[in-house]
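Thank you all for coming. Please take a moment to look at the sequence and the model on the screen, and then I will walk through a few parts of it.

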Amino acid sequence: FPFRSPVSNAVMRKLLLSVGFGAVLCCQDGDEAWGHLGAPGGPPVHCVITDLHLPGTMDGLQLARRIREELPNASPPLGQTAFAFPSFPSPPPPPPPPSL
């Protein structure tokens, strides 16, 4: 799962391991997460939990869309964010996707 904050990654990892997940992979951004999800021969991924606001070229919503479109048999990803309320400052928008 990718989160903006290394602290969030550590807390979520500890929580998931404590409730019985045997292996938990933490990523720093959506691009890194997609690299693991799309890797041929990689271990099966049973659950993706993502922050909606991620650094890099792919935010959590884009990651979720890509999973839905390119991995149709995958479980739907779970999204969360600390920026859901007006009192929290919004993060900067992600950069536009690269031109092909």
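Which helix do the buried residues of helix 2 pack against? Before I answer, let me say that this is a predicted model, so please keep that in mind throughout.

Helix 2 runs over residues 30-37, and its buried residues are Gly30, Ala33, Trp34 and Leu37. These residues cover an arc of only 100° around the axis, which puts them on the same side of helix 2. The general background here is that an α-helix has 3.6 residues a turn, so residues three or four places apart point the same way. To come back to the question, the buried residues of helix 2 pack against helix 3, which spans residues 60-70.

Turning to that partner, the buried residues of helix 3 are Gly60, Leu63 and Ile67. Seen down the axis of helix 3, these buried residues fall within an arc of 60°, so they line one face of the helix. Arg68 and Glu69, on the other side of helix 3, are exposed. As for what covers the buried residues of helix 3, the list includes helix 2 and strand 1.

The starts of the two helices are also worth a look. At the start of helix 2, a side-chain oxygen of Asp29 comes to within 3.1 Å of the backbone nitrogen of Asp31. At the start of helix 3, it is Asp59 that supplies a side-chain oxygen, reaching to within 3.1 Å of the backbone nitrogen of Leu61.

Strand 1, which I mentioned as part of the cover over helix 3, takes in residues 49-51, and Asp51 lies in this strand. Is Asp51 buried or exposed? With a relative accessible area of 7%, Asp51 is buried, because buried here means under 20%. The side chain of Asp51 reaches the backbone nitrogen of His53 at 3.0 Å.

Finally, I would like to turn to the empty space. The largest pocket has a volume of about 470 Å³, and its lining is made up of 20 residues, among which Ala23, Val24, Leu25, Val45 and Cys47 lie nearest its centre. Which element gives the largest share of that lining? That is helix 2, with three residues, so we end on the helix where we began, whose buried residues pack against helix 3. By class, the lining of the largest pocket holds 17 nonpolar residues and three polar ones, with no charged residues.

Notes. Residues are numbered from 1 along each chain as its sequence is written. This is a predicted model: local features need pLDDT of at least 70, side-chain atom pairs count only at pLDDT 80 or more; totals for chains, interfaces and linings use all residues. Side-chain values use heavy atoms; hydrogens and water are left out. Buried means under 20% relative accessible area, exposed over 50%, partly exposed in between (1.4 Å probe, protein chains only). Helices (H or I, at least four residues) and strands (E, at least two) are DSSP runs, numbered from the N terminus. The arc is that of the directions from the helix axis to the C-beta atoms. Contact means heavy atoms within 4.5 Å. A polar contact is a pair of N or O atoms within 3.5 Å; within protein, one must be able to donate a hydrogen and the other to accept it, and residues adjacent in sequence count only if both atoms are side-chain atoms. On a 1 Å grid over the protein atoms alone, a cavity is a set of points where a 1.4 Å probe fits but cannot get out, and a pocket is an open set with protein on both sides within 12 Å along at least five of seven lines; lining residues have an atom within 4 Å of a point. Grid points are joined across faces, edges and corners, and a volume is the space filled by probe spheres set on the points. Ala, Val, Leu, Ile, Met, Phe, Trp, Tyr, Cys and Pro count as nonpolar, Asp, Glu, Lys and Arg as charged, and the others, Gly among them, as polar.
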